[in-house]
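These are my notebook entries on a structure that I looked through step by step. I wrote down what I looked up and what I found each time.

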Number of protein chains: 2
Amino acid sequence: MADDERADLAAMLAPLVRALVAAERPILDEHGLTMWGYSVLLALAEQPTRTQAALAESIGADKTRIIGVLDDLQERGLLQRTPDPSDRRARVLSLTEDGRRVCGAAQADIRTMEEALLSRLPAADRRGFLSALRVLSTVPRGEIVSPRVH
Amino acid sequence: MADDERADLAAMLAPLVRALVAAERPILDEHGLTMWGYSVLLALAEQPTRTQAALAESIGADKTRIIGVLDDLQERGLLQRTPDPSDRRARVLSLTEDGRRVCGAAQADIRTMEEALLSRLPAADRRGFLSALRVLSTVPRGEIVSPRVH
DNA sequence: TATTGTTATACTCTATAACTATA
DNA sequence: TATAGTTATAGAGTATAACAATA
C-alpha cells in the first residue's frame, strides 16, 4: 500500500487506543484499580514526590479531577499524602510498598496482554513501532499543533 | 532502551492521540468541520451508502450521536440523505461533490501536519510504525480484549 | 496578594428510553 | 412484532469558579 493511501493517523490510532483501554479495564478491575488510579500509581512509581497539581498535569488530568482518586488510594494504603514541612500548603505524595506492588502486578498483566497483541507484527515492524512510539510520545505537544496558515 | 523497560502502550498512545486531535481541531475549523463531521465524511467517502446506524457504528459513535451531525452536513449540502425506495425506513447516505471536495481538502491539510510529525522519525521506524499501525488498527477489537484468567 | 488543595457548581458529552414511521 | 430514525431525558465525566489554609 502506497504511503499516501494510508488513513489519517488519528483515525488509526484512536480505535487502537480505545481497544487497548477496553482490554486494560478488566485487568485493572482484578487489581482493584481504575484507569486514573493506575495512572497515578504509574506516575508516582516513576517520580516519587510532587505537588498534586503537577502530578495531575503530568497525567493529563485536571487538579480537581484526581482528588477523589488520591483519597481512595490513600485510604487503601497504596500511597501516602503528607504535608510538606517546608511548605505546608503542598502535599508530598509517595507510594507505599503495597502501592508499588499493586502497580507492578497490574502492569505485568497488562504487559502480557500487550505482548499477545504485538506478536501479530513482523519483528521489524514491531521494533519500528515501539521505537517510533518512544519518539512520538515524548514530542512536546506544542510542537505537534499545526502552524496557523494565516 | 530494553524492550521490557518501555511504558505501557496506552500510556504512550493516549497522549499522542490527544496531541493529534488537538492539532487537527484548528485545521478542521478552517474547513468548517467538527471531528464527528469529518469522521462522517471520511467514512462516506470510503463506503458511499449505508444505514445511519451502520455508519454510526463504523465510526465508533452511537446512532443518536450523529443525527445532529448529519442534519448539519446535509443542510450545508455536503451529503445527501434520501429514503431508500426499497425500505423507506432507511436513509441512504452519500457525499455530494462539495462534500467530497471539503473532505479531501481537510485531509490534505491534516496530512501535511502529520508528515511534519513523522519527519522526526528515522526512515525504518517510520516504515515500521505505519505498517504496524495498519495491522493493529484492523485487529478486531474482540481479539485484543484479554482472556479472563479465572 | 499569590498559591495549594478542596468543594460546589455548571457544562459537555454520551447513552438510555420513549416515540413515529415503516415493515 | 420488529426495525430505522428521531427526540427528550438522564447520566457520566470534566472543567470552572469560589473557598480555606498557608505563604
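Before I list what lines a pocket, I note that a pocket is an open set of grid points with protein on both sides within 12 Å along at least five of seven lines, and that a lining residue has an atom within 4 Å of a point. I also keep in mind that I am reading a predicted model.

**Entry 1: the largest pocket**

I looked up the largest pocket and found a volume of about 1600 Å³. Its lining is made of 47 residues, and those nearest the centre are A:Ala11, A:Met12, A:Pro15, A:Arg18 and B:Ser58. I then asked which elements each supply at least two residues of this lining. From chain A I noted helix 1 (9–30), and from chain B helix 1 (9–30), helix 2 (35–46), helix 3 (52–58), helix 5 (97–118), helix 6 and helix 7 (141–144). Helix 1 of chain A gives the largest share, with nine residues. Sorted by class, the lining holds 26 nonpolar, eight polar and 13 charged residues.

**Entry 2: the second largest pocket**

I turned next to the second largest pocket, which has about 1400 Å³ of space. It is lined by 41 residues, and I listed A:Ser58, A:Ile59, B:Ala11, B:Met12 and B:Pro15 as the closest to its centre. Two or more lining residues come from each of helix 1, helix 2 (35–46), helix 3, helix 6 and helix 7 (141–144) of chain A, and from helix 1 of chain B. I counted 22 nonpolar, seven polar and twelve charged residues in this lining.

**Entry 3: the aromatic pair**

I searched over all chains for aromatic pairs and found one. The ring centres of A:Phe129 and B:Phe129 are 5.8 Å apart and the planes stand at 15°, so I recorded the pair as stacked. This pair crosses between chains, from helix 6 (residues 123–136) of chain A to helix 6 (residues 123–136) of chain B. Are these two residues, A:Phe129 and B:Phe129, buried or exposed? I found that A:Phe129 is buried and that B:Phe129 is buried as well.

**Entry 4: DNA strand C**

Around DNA strand C I found 17 residues, of which A:Thr51, A:Gln52, A:Arg89, B:Arg65 and B:Arg89 come nearest. Sugar or phosphate accounts for 60% of the strand C atoms within 4 Å of the protein, and bases for the rest. I noted a polar side-chain atom of A:Arg81 at 3.3 Å from a phosphate oxygen of this strand, and a backbone N or O atom of B:Arg88 at 3.1 Å from a phosphate oxygen. At B:Thr64, a side-chain N or O atom lies 3.3 Å from a base oxygen of DNA strand C. The surface near this strand has nine charged, four polar and four nonpolar residues.

**Entry 5: DNA strand D**

For DNA strand D I again listed the surrounding residues, 17 in number, with A:Arg65, A:Arg88, B:Thr51, B:Gln52 and B:Arg89 as the closest. Of the strand D atoms within 4 Å of the protein, 66% belong to sugar or phosphate, and the rest to bases. I looked up three polar side-chain atoms facing phosphate oxygens: one of A:Trp36 at 3.3 Å, one of A:Arg65 at 2.6 Å, and an N or O atom of B:Gln52 at 2.5 Å. Strand 2 of chain A, together with helix 3 and strand 2 of chain B, each give two or more residues to the surface near DNA strand D. By class, I recorded four nonpolar, four polar and nine charged residues on this surface.

Notes:
Residues numbered from 1 in each chain as written. Chains lettered and ligands numbered in written order. Predicted model: local features only at pLDDT ≥ 70, side-chain atom pairs only at ≥ 80, totals over all residues. Heavy atoms only, no water. Near = heavy atom within 4 Å. Polar contact = N/O pair within 3.5 Å; in protein donor to acceptor, adjacent residues only side chain to side chain. Nonpolar A, V, L, I, M, F, W, Y, C, P; charged D, E, K, R; others polar. Phe/Tyr/Trp six-rings, centres within 6.5 Å; stacked < 30°, edge-to-face > 60°. Helix = DSSP H or I, 4+ residues; strand = E, 2+ residues; numbered from the N terminus. Buried < 20%, exposed > 50% of the residue type's maximum accessible area, 1.4 Å probe, protein only. 1 Å grid on protein atoms, 1.4 Å probe; cavity = no way out; pocket = protein on both sides within 12 Å on 5 of 7 lines; lining within 4 Å. Points joined across faces, edges and corners; volume = space filled by probe spheres on them.
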